[in-house]
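Here is a walk through one protein model, written for someone meeting it for the first time. Keep the structure open beside the text and look up each part as it comes along.

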Amino acid sequence: MDAMASAGRLTEDAAARLSKQYRSEIAHRYSYEFTRWMARPVRLVLDRFFLSEVIVGGFDHILTMPKDTYVILSCVHKSHLDYIVLGHVLFSNMKSLPATIAGKNLFHGLFEGMLPRFKGVCLDREKVNPKNLRSRENLLYLSTFYDYLMDEVMNRGDAITIFPEAGRSYDGSIQPLALGVFGIAKRALKEGTHRVALLPVGMTYDRVTEDERFHRMREQKAAGADAYRAYDKRGFIRHAIFQPKGAVYVDFGEPMYVKDVKNMDDLERELRTRMGKLIRVTAMALVCRALAGRKSMPMDDLFRHIRADLKYAKDNCLLIGRGVSHRSPGQVFKRALEHLCNRVRFRDAICIRTKDGSMYIRVKRADIIDYYANTVKHLFPAG
C-alpha cells in the first residue's frame, strides 16, 4: 500500500482511508443463525414457484477436499437463481456457506442487507475491469479486495464461490472466463501454506427462469439500472405465477489443482472445458438442438435428430437430465413441450401444425430455441 500511495497522488493517509472504505463495501457480515432461519423459507419459495426438484451430482468432490487446501468453486452462471440454489445445496449438506462473490448490481433494495448476511462479498466489476485499472484508486480497490479475501475468508478456512463468466450467459453458451478467478488463485499461492484448488461446478435447468427475456437484456442495461432491474423482476414474477416448474442440476467436478498461474490463457481454457462438461443434456436442449436455425421442421425429422443426439450422448457418457435417459424421442419431446408450447401458461416458443396429413413444428421464438441449443453445443460435434 505504501508503494502505491507514494507512486501517485494518494498520500499514505488517504490510501488508508480509501482502503478502509473499500473494505467496508466489500465485506460480508455472515450470520449463521440468520442463514439457518432463512433456509426453510428460501427452499419453500424455490419449491413453490420455480423448481420441481434439485438434483446434485459429484458432491463427494467437495467433501473429500484435503483440509490444507484453499478451495475456489468456479460455477457456470445461467440465472440469478444460481446463487440461491448453490448456497442452499452447500448449506443443507455441510451446514456452512462459502463466501460468494457477487456483482455490486445485486446489492440493492432488500438484497443490500440480506446478501452480506448470507456471506455475499460485494465486487464492483467496473473498478476491476482491466481497462479501468490504470486508475490508482481502482488498483487500490483490487488490492484491498484480494487482501480481504485472504484475511477474512480463505485464511479462516472458508471456500470461495465465484461465477467467472462475469454475468449470466444471455445466449446459453459458456462465456470466456474473467481472469479474476486466477488472480485469487495467484494471491492464495503467494501464501505458500496451502494447496489451491479450483473446483468446477455446473448448473443446468430444465427451464431457465429468464430465458424469454435474455434477448433484450443488453438493450435494457443500456437504458439504465432501474429499467434493467424492472425488466428482470417482471420475468421472475411472470414465471412464478404462470410457468411450470422444472428441475435444476448442480454438478461438482474433480478439483483442478493450481501450482502457478503463468499461463492464464491455458488455465482459462482448461477450467472452462471442465465447467462445460458438467452441463447436462436435457429434453429442452435436445429438442432445441434439432430446431436451431430452422423456421419449421417435420416431426419425423425432429425425432430422428433427437434419436441421433441421444445415441451420441450415451456413447460419450455425457451427463443427462431427467426424462431423457432410456426414453423415446417422443417422450423426450413431450417432456420439453410443457416449457416450449403451453398456451394455458402463455408459453408459445413453438407451435405444432398439420400439413398434408403430416405434423411439423414451427418456430415462433428463435431466440429461446437458440439459447437452449447453445447450452450443449460444445458437447456435440459441429454439424
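## Rings, a strand and two pockets

Let's begin inside a helix: tyrosine 141 and phenylalanine 145 are both buried. Keep in mind that this is a predicted model. Both residues belong to helix H8 (residues 136-153), where tyrosine 141 and phenylalanine 145 are four residues apart, about one turn of the helix.

A search of the whole structure turns up 15 aromatic pairs. One of them is tyrosine 83 with phenylalanine 163, a tilted pair with 4.8 Å from centre to centre and 55° between the planes. This pair ties together distant parts of the chain, since tyrosine 83 sits in helix H5 (residues 81-94) and phenylalanine 163 in the loop between S5 and helix H9 (180-191), 80 residues apart. Are these two buried or exposed? Tyrosine 83 is buried, and phenylalanine 163 is too.

Back in H8, tyrosine 141 and phenylalanine 145 have ring centres 6.5 Å apart and planes at 15°, so this pair counts as stacked. There's a bit of company here as well: ring pairs join Tyr22, Tyr141, Phe145 and Tyr146 into a cluster.

Rings also turn up with charges. The charged end of arginine 117 sits over the ring of phenylalanine 34, at 4.0 Å from its centre. Elsewhere, arginine 289 places its charged end over the ring of phenylalanine 380, with 4.1 Å to the ring centre.

Now for a strand. Why is S2 (residues 69-75) described as largely enclosed by the rest of the structure? Because seven of the seven residues of this strand are buried. The cover reaches both faces: Thr69, Val71, Leu73 and Cys75 are buried on one side, and Tyr70, Ile72 and Ser74 on the other.

S2 has strand partners too. It runs parallel to strand S6 (residues 195-205), and seven bridges join the two. Leucine 73, for instance, has leucine 199 of S6 as its bridge partner. S2 also pairs with strand S5 (residues 160-162), again in the parallel sense, over three bridges. In that pairing, serine 74 stands opposite isoleucine 162 of S5.

Next come the pockets. The largest pocket holds about 1300 Å³ of space. It is lined by 38 residues, and those closest to its centre are His80, Leu81, Ile84, Phe111 and Leu115. Which elements each supply at least two residues of this lining? They are helix H3 (32-50), H5, strand S3 (99-103), helix H6 (110-117) and helix H11 (225-242). H3 gives the most, with nine residues.

The second largest pocket takes in about 1100 Å³ of space. Its lining has 42 residues, and Leu123, Arg125, Val128, Ala166 and Ala178 are the closest to its centre. At least two lining residues each come from S3, helix H7 (125-128), H8, H9, helix H10 (217-223) and H11. The largest share here is four residues, from H9.

Here is how the two linings divide up:

| Pocket | Nonpolar | Polar | Charged |
|---|---|---|---|
| Largest pocket | 25 residues | nine residues | four residues |
| Second largest pocket | 23 residues | 10 residues | nine residues |

Conventions
Residues are numbered from 1 along each chain as its sequence is written. This is a predicted model: local features need pLDDT of at least 70, side-chain atom pairs count only at pLDDT 80 or more; totals for chains, interfaces and linings use all residues. Side-chain values use heavy atoms; hydrogens and water are left out. Buried means under 20% relative accessible area, exposed over 50%, partly exposed in between (1.4 Å probe, protein chains only). Two strands pair if DSSP finds at least two bridges between them. Rings of Phe, Tyr and Trp (its six-membered ring) pair if their centres lie within 6.5 Å; planes under 30 degrees apart count as stacked, over 60 as edge-to-face and the rest as tilted. A charge sits over a ring if NZ of Lys or CZ of Arg is within 6 Å of the ring centre and within 35 degrees of the ring normal. On a 1 Å grid over the protein atoms alone, a cavity is a set of points where a 1.4 Å probe fits but cannot get out, and a pocket is an open set with protein on both sides within 12 Å along at least five of seven lines; lining residues have an atom within 4 Å of a point. Grid points are joined across faces, edges and corners, and a volume is the space filled by probe spheres set on the points. Ala, Val, Leu, Ile, Met, Phe, Trp, Tyr, Cys and Pro count as nonpolar, Asp, Glu, Lys and Arg as charged, and the others, Gly among them, as polar.
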